[in-house]
Amino acid sequence: NITASAREPKTAHLTLDAATLQSPISQGLVRLVTRLAATPSDLAVLQTLAEAMLAHQRRYEWDFMKFNPRASYHAEPWGLKVRYTGNRSPDVLSCPVRDSKDWLKIVPLSLDHTVFQEQLRAIELVGQGLGGRIVYLATVFTPLSIASRLAPSEDVFMDHLREHPTQVAAALDAITQTFTAFANAAIDRGA
């Protein structure tokens, strides 16, 4: 059973709500972004990731929490291949978009994909551990950011965007559809 601190839920929620509305607040909002690396896809690892995030929350009693997924989760379902070594950014082994025609292979995906299921399960575990005590956000990247990760480099992505906007736009639509569904699923799990 994983839980965050016993902090009064109304205090954290009211403070964040007031700050969002630019109303006076009795204390400053505090949040530190930490990235905890998680690579394997079994439940024990997801449980460990959730426990580590909740341990940070218990220790520091942040005013809100941002779920930090693994660094490449958003591009892997379309074929990005990476290798994780230690606690650092992954090495890219291959990208699904090499040629401008490859953008047409980027289609809307089902959330049944293993990577999405892993991330949604981890989001759910953290949400259960928080028990509604604080506001909790999921990391959802923009379609442009995701698309740029599908190409071998930012330069290649920008060249394709300028020279083949129709193909890239079709991919952006597919990514938008997929991540709109992902964001809604994360909200359904408490984020």
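Here is a short chat about the core and some helices of this predicted model.

Me: Hi! What kind of model is this, and what do local features need?
Reply: It is a predicted model, where local features need pLDDT of at least 70 and side-chain atom pairs count only at pLDDT 80 or more, while totals for chains, interfaces and linings use all residues. Residues are numbered from 1 along each chain as its sequence is written, and side-chain values use heavy atoms, with hydrogens and water left out.

Me: Cool. How many residues has the largest nonpolar core?
Reply: It has 40 residues, and Trp103 and Val126 have the most contacts inside it. Such a core is a set of buried Ala, Val, Leu, Ile, Met, Phe, Trp, Tyr and Cys residues joined through side-chain atoms within 4.5 Å. Buried means under 20% relative accessible area, exposed over 50%, and partly exposed in between, using a 1.4 Å probe and protein chains only.

Me: And which elements give two or more residues to this core?
Reply: Helix H2 (43–60), strand E1 (64–67), helix H3 (114–130), helix H4 (143–150) and helix H6 (165–188) do. Helices (H or I, at least four residues) and strands (E, at least two) are DSSP runs, numbered from the N terminus.

Me: What is valine 126 in contact with, leaving aside neighbours within four places in sequence?
Reply: Ala50, Met53, Leu54, Met65, Phe67 and Tyr136. Contact here means heavy atoms within 4.5 Å.

Me: Switching to H4: which of its residues are buried?
Reply: Ile146, Ala147, Ser148 and Leu150. Their cover includes helix H5 (154–163) and H6.

Me: What about serine 145, is that buried or partly exposed?
Reply: Serine 145, which lies in H4, is partly exposed because its relative accessible area is 27%. Its C-alpha atom is separated by 9.5 Å from that of alanine 75, 70 residues apart along the chain.

Me: Back to H6, at what angle does H4 pack with it?
Reply: About 120°, with the axes 9 Å apart. That makes H4 oblique to H6. Axes are lines fitted to C-alpha atoms, for helices over the stretch in contact, and angles run from 0 to 180 degrees between N-to-C directions. Under 35 degrees counts as roughly parallel, over 145 as roughly antiparallel, 65 to 115 as roughly perpendicular, and the rest as oblique.

Me: Nice. Which residues make the contact?
Reply: H4 brings Pro143, Leu144, Ile146, Ala147 and Leu150, and H6 brings Leu172, Ile175, Thr176 and Phe179.
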